[in-house]
Amino acid sequence: MLNELRQKVTEVGHKIYEMGLVSIYSGNISMRDPETGLIGIKPSGVPWLSIQPEDVVIIDVDGKVVEGTRKPSIETPMHTTIYRNFKE
């Protein structure tokens, strides 16, 4: 389940870069797993085309790292605030 989440974040990240919607380092995305409530988020400071599923950081709704070896996006507080306030 979390592997799927990591894969989706990676695929969408590569796609938005290829579409020119973000630059090589800018733009952060996250996705929430509906079953666990955990969030996959882009790692900080890693260029989009270098990101692999294992680089995606899994955090809880409070921004605490649950799985992963990288630092989560510096925009983590904004992402988690949105997830806490919009349950759907």
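**Exercise 1.** Determine which residues make the nonpolar surface patch of about 280 Å², and locate Tyr25.

*Solution.* Step 1: Ile24, Tyr25 and Leu49 make this patch. Patch residues have over 30% relative accessible area and no salt bridge, and nonpolar side chains (Val, Leu, Ile, Met, Phe, Trp, Tyr) are joined within 5 Å, like charges within 9 Å. A salt bridge is a side-chain nitrogen of Lys or Arg within 4 Å of a carboxyl oxygen of Asp or Glu. Areas follow the Shrake-Rupley method with a 1.4 Å probe, and for residues only the protein chains shown count as cover.
Step 2: Tyr25 lies in the loop between helix H1 (2–18) and strand S1 (30–32). Helices (H or I, at least four residues) and strands (E, at least two) are DSSP runs, numbered from the N terminus.

The model is predicted: local features need pLDDT of at least 70, side-chain atom pairs count only at pLDDT 80 or more, and totals for chains, interfaces and linings use all residues. Residues are numbered from 1 along each chain as its sequence is written, and side-chain values use heavy atoms, leaving out hydrogens and water.

**Exercise 2.** Establish whether His14 is buried or exposed, and list its contacts.

*Solution.* Step 1: His14 belongs to helix H1. Step 2: its relative accessible area is 17%, so His14 is buried (under 20%; exposed is over 50%, partly exposed in between; 1.4 Å probe, protein chains only). Step 3: apart from neighbours within four places in sequence, His14 contacts Trp48, Leu49 and Ile51 (heavy atoms within 4.5 Å).

**Exercise 3.** State the mean pLDDT of the chain.

*Solution.* The mean pLDDT (the predictor's confidence in each residue, from 0 to 100) is 93, and 100% of the residues reach 70 or more.
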